[in-house]
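Visitor: I would like a quick tour of the ligand sites. Please show me the structure.

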Amino acid sequence: MEHVAVIGSSWGDEGKGKIVDYLCRDSDIIVRYQGGNNAGHTIVVEGRKFVFHLLPSGILQPGKLNVIGNGVVVDPGLLLEELAALKGEKLGALKVSEYATMIMPWHRVLDGIEGGKVGTTGRGIGPAYESKINRLGFKIGELLDFETFSKKLAERLEEANWLLQNKYKTSQLNLKEMIEQFRGYANALAPMITNTSLLLAKAMRDGKRIMFEGAQGTLLDVDYGSYPFVTSSNPSIGGLYTGTGIRPRNVKAIGIVKAYATRVGNGPFPTELKEEIGKHLQDKGHEFGATTGRPRRCGWLDLVLLKYSTDVNGFDGFALTKLDVLSGLPKVNVAVGYKVGNKTSENLLSMYDMERAEPVFKELPGWSEDISKCRKFEELPKNCRDYVTFIEKTTGVPVKYIGIGPGREELIVR
Ligand code: GDP
Ligand code: IMO
Ligand code: MG
């Protein structure tokens, strides 16, 4: 059985949600393996737009099982809100790993205070992962023994309140209110909490096909990204194994690549366009964060970084999204090299080059046609096809899917 992983190749928002929603029709189970509600995955079905932060993007497909794996950080209140907002929709089932770490209320407060330099989403992601690694975190399965949970909550909150008051000079959080809030979460979530590693291992033995849905992207990976301007998890392929507790034998890794580059938050961005064309891409591509609404920084596609991301993940194929947004530009640039001092290289030689390199661009001719009605590769204008072929030749990875609009069916499959 061949399983599929959908992984962001860049700084997130590449269009993973749409590709998961389309491709998961051939899978039985859709699993999120890392990140939390810092993600915003957009799906457009028959003109209706849905944005999922924590729920796997297969949730709108009845008959499928959606799983939130142990590598995810879960804000329990947000999870319930997200489910409540889908009331009346036909949904797939949902199971949550008992071993997923919870984002606690003080994690959100601390992220709001400490996350400014990186420009985090403020959702408590970093502090929750910090607690997990520190061995001071709360697993969601702990809610099932509420008495023990309440005692631990009292201890941890006392420490958090000390920090909030003495280090950050901000107001304390109330224990009684928090216990009642979490009692509600425990009751509502109990039927969904289980050992998802066992569940997935059995599903694999039963011949079920699994789709792994990455959040964020490889350049935001805490180990492989532009540290410290990264998220606190492993969006790249390694996160799939630690974040689910299974080892699928055969996983096809699909790298999601936006036809141009975007980044939300701070950190290096070698091909960033600060002038007119950047603004054009931002407007035409509606490049505003699906989670925070912040404008996304825009730039040209960076093949130096895409080759790096391909090395990290071993991509078997790409889904190239938002190609329609480039229509109408007289010429399109792609970065094919980095110049550092007087040395030029086609490959990323040091992670620190992201901060100091001057990109070397290859200029390709643009196309003016609206491509949103094309359903076959051959129907695309020649310059547009050449753009796709240039990406394939430079990276050595085939472009298997091409996004030509936000809708579920606005996709060319090759
Ligand atoms: P994700 O975080 O990787 O799932 O991506 P987001 O949902 O944050 O951002 C991608 C945006 O692009 C969403 O608004 C999608 O609806 C939209 N989108 C996805 N694929 C395409 C495409 O091929 N063309 C256009 N025009 N929009 C797309
Ligand atoms: P999806 O799954 C784009 C960015 C934030 C910030 C950095 C750290 O929709 O692609 P965090 O809150 O994770 O500690 O913030 O990472 N970031 C994202 N950027 N898409 C995302 O998710 C992101 N999730 C986090 O903007 O720069
Ligand atoms: Mg997003």
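Guide: First, a term: a polar contact is a pair of N or O atoms within 3.5 Å. Keep in mind that this is a predicted model.

Visitor: How far does a backbone N or O atom of glycine 40 lie from an oxygen atom of ligand 2?
Guide: The cut-off for a polar contact is 3.5 Å. The backbone atom of glycine 40 and the oxygen atom of ligand 2 lie apart by 2.9 Å.

Visitor: How much of the accessible area of ligand 2 does the protein cover?
Guide: On its own, ligand 2 has 550 Å² of accessible area. The share covered by the protein is 97%.

Visitor: Which residues coordinate the magnesium ion (ligand 3)?
Guide: Coordination is at 2.1 to 2.2 Å. The OD and O atoms involved belong to Asp13 and Gly40, respectively.

Visitor: How many residues apart in sequence are the parts that aspartate 13 and glycine 40 tie together?
Guide: Aspartate 13 sits in the loop between strand E1 (3-8) and helix H1 (16-23). Glycine 40 sits in the loop between strand E2 (29-32) and strand E3 (41-45). The pair therefore ties together parts separated in sequence by 27 residues.

Visitor: Is glycine 40 buried or exposed?
Guide: Buried means under 20% relative accessible area. Glycine 40 has 10% relative accessibility, so it counts as buried.

Visitor: Which domains each give at least three residues to the shell around ligand 2?
Guide: The shell divides into seven nonpolar, 10 polar and three charged residues. At least three residues come from each of domain 1 (3-98 + 195-413) and domain 2 (101-192).

Technical notes: Residues numbered from 1 in each chain as written. Chains lettered and ligands numbered in written order. Predicted model: local features only at pLDDT ≥ 70, side-chain atom pairs only at ≥ 80, totals over all residues. Heavy atoms only, no water. Donors = N, O, S within 2.8 Å, 3.2 Å for Na, K, Ca; no water. Helix = DSSP H or I, 4+ residues; strand = E, 2+ residues; numbered from the N terminus. Buried < 20%, exposed > 50% of the residue type's maximum accessible area, 1.4 Å probe, protein only. Polar contact = N/O pair within 3.5 Å; in protein donor to acceptor, adjacent residues only side chain to side chain. Areas by Shrake-Rupley, 256 points an atom, 1.4 Å probe, with all protein chains shown as cover. Nonpolar A, V, L, I, M, F, W, Y, C, P; charged D, E, K, R; others polar. Domains from an automatic or database assignment.
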